[in-house]
Amino acid sequence: MKLASLKDGRDGKLVVVSKDLAKACPVAEIAATMQEALDNWDHCEPLLKATYHSLNVGGARDIFDFDPAACASPLPRAYQWADGSAYVNHVELVRQARGAELPESFWTDPLMYQGGSDSFIGPRDDIRAISEDHGIDFEAEIAVITGDVPMATKAEAARDHIRLLMLVNDVSLRGLIPNELAKGFGFFHGKPSSAFSPVAITPEELGDAWDGAKVHRPLLSYLNGDLFGKPEAGEEMTFSFPDLVAHAATTRPLCAGTIVGSGTVSNRNADGSAGTPVNKGGLGYSCIAEIRMIETIADGKPSTPFMRFGDRVKIDMLDEDGQSIFGSIDQKVVRYDV
């Protein structure tokens, strides 16, 4: 099942979207918003799935052409956005670039931060930034949306609380992050509003690419039209989505509609060395920071610039037939006039 939120007020208008992302239909009689559906999932899910089936066979009512540009993020605002760092290769490169050792605990205890969730931006909306000096970067990720998760839920039970999946552009302002982290209290200014894919999907939409814990498809990132990264999302994911959900619920319950992110998807080369750019035969990267880290390790300084005003980033994932699964995030960086 594929669901989207059309731009309509603060919380959007829930619609069901066809498998090929071509058509959609309203479902106000089932749930007005994505959050309402999540709050009443046991009641709403079978009704939404029935509508999805009807839409795909041409039997639904009030069908219209689906336009990703008319979409807000599936949850335009959420009660919680907790982003992990499940790909330890990415974290290891960050620390290596600044000459720091990776603590052994990073392989057994996930990193996670709590981001702002009150102002997500739509999948085709501009990324508004104040200054190029802030180091504007994208981060291509995958996220899950949960139902209600009791406190202290273990990973093996956490998978049963995963309702939906979607793609993420976790926008980062790299130039602001070091000083924030140096204060010892985490991100704030360095993590502006994130964007999510046009549709959120139920796990069965992924077929064999979903094993109940990880997504086994390449995550594609394009910078100004050129393929920048195509890492395999299921490889080198040290902590699975159930692991991350359980970690978030260690000392608190999670309310329905909680979003938990994977962190930047990152792969090493087959020989275990740091990843190689796509134009040199590698799988590339899911953020600019990663290639800059590799350049710093190799050359003592980075050479790839962060994003500038007018630059465009696209994030997508395709099925085995080459069709977009979630619809693409496609955004341009523009100056925000204070």
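**Exercise 1. A leucine in a turn**

Task: Decide whether Leu21 counts as buried or exposed, then place this residue in its local structure.

Solution. Begin with accessibility: Leu21 has a relative accessibility of 15% and therefore counts as buried, since the cut-off for buried is under 20%. Keep in mind as you work that this is a predicted model. Next, find the residue along the chain: Leu21 sits in the loop that links β2 and β3. Now look at the backbone, where the phi of Leu21 is near 65°, a positive value in a residue that is not glycine. Finally, step back to the surrounding motif: β2 and β3 make a hairpin with 5 residues between them, and Leu21 belongs to its turn.

**Exercise 2. Following the strands out of the hairpin**

Task: Work out which strands pair with β3, and in which sense.

Solution. Start on the hairpin side. Strand β2 (residues 13-17) and strand β3 (residues 23-26) run antiparallel and are joined by 3 bridges. To check this pairing in the model, find Val17, which stands opposite Ala24 in β3. Then turn to the other partner: strand β4 (residues 64-65) pairs with β3 over 2 bridges, again in the antiparallel sense. Here the residue pair to look for is Lys23 with its bridge partner Asp65 in β4. While you have these strands on screen, a general point helps with reading side chains: in a regular strand they alternate between the two faces of the sheet.

**Exercise 3. Another positive phi**

Task: Find where Asp62 lies and say whether this residue is buried or exposed.

Solution. First the backbone: Asp62 has a phi near 55°, which is positive although the residue is not glycine. Then the location: Asp62 is in the loop between α2 (41-56) and β4. Last, accessibility: the relative accessible area of Asp62 is 59%, so the residue is exposed, the cut-off being over 50%. Set this beside Leu21, which counts as buried at 15%.

**Exercise 4. Cysteines without partners**

Task: How many disulfides are there by the distance rule, and why is Cys44 not in one?

Solution. Recall that a disulfide is a covalent bond between the sulfur atoms of two cysteines. The sulfur atoms must lie within 2.5 Å to be counted, and the count here is 0 disulfides. Take Cys25: it is in no disulfide, and the nearest cysteine sulfur, in Cys71, is 13 Å away. For Cys44, the closest cysteine sulfur is that of Cys25, at 14 Å, which is too far for a bond. Both residues can also be checked for accessibility: Cys25 is buried at 2% relative accessible area, and Cys44 is buried at 1%.

**Exercise 5. Inside a pocket**

Task: Describe the lining of the second largest pocket by residue class.

Solution. Begin with the space itself, which is about 600 Å³. The lining has 24 residues, and those closest to the centre are Ser119, Arg128, Lys191, Pro192 and Ser193. By class, the lining divides into 12 nonpolar, 7 polar and 5 charged residues. To see which strands take part, look at β6 (112-115) and β7 (127-129), each of which supplies at least two lining residues.

**Exercise 6. The whole chain**

Task: Judge how compact the protein chain is for its length.

Solution. Start with the inventory of 7 helices and 18 strands. The radius of gyration is 19 Å, close to the 20 Å given by the globule rule for 338 residues, so the chain is as compact as a globular protein of that length. As for burial, 54% of the 338 residues are buried.

Note on methods: Residues are numbered from 1 along each chain as its sequence is written. This is a predicted model: local features need pLDDT of at least 70, side-chain atom pairs count only at pLDDT 80 or more; totals for chains, interfaces and linings use all residues. Side-chain values use heavy atoms; hydrogens and water are left out. On a 1 Å grid over the protein atoms alone, a cavity is a set of points where a 1.4 Å probe fits but cannot get out, and a pocket is an open set with protein on both sides within 12 Å along at least five of seven lines; lining residues have an atom within 4 Å of a point. Grid points are joined across faces, edges and corners, and a volume is the space filled by probe spheres set on the points. Helices (H or I, at least four residues) and strands (E, at least two) are DSSP runs, numbered from the N terminus. Ala, Val, Leu, Ile, Met, Phe, Trp, Tyr, Cys and Pro count as nonpolar, Asp, Glu, Lys and Arg as charged, and the others, Gly among them, as polar. Buried means under 20% relative accessible area, exposed over 50%, partly exposed in between (1.4 Å probe, protein chains only). Two strands pair if DSSP finds at least two bridges between them. The radius of gyration is taken over C-alpha atoms; the globule rule is 2.2 Å times the number of residues to the power 0.38.
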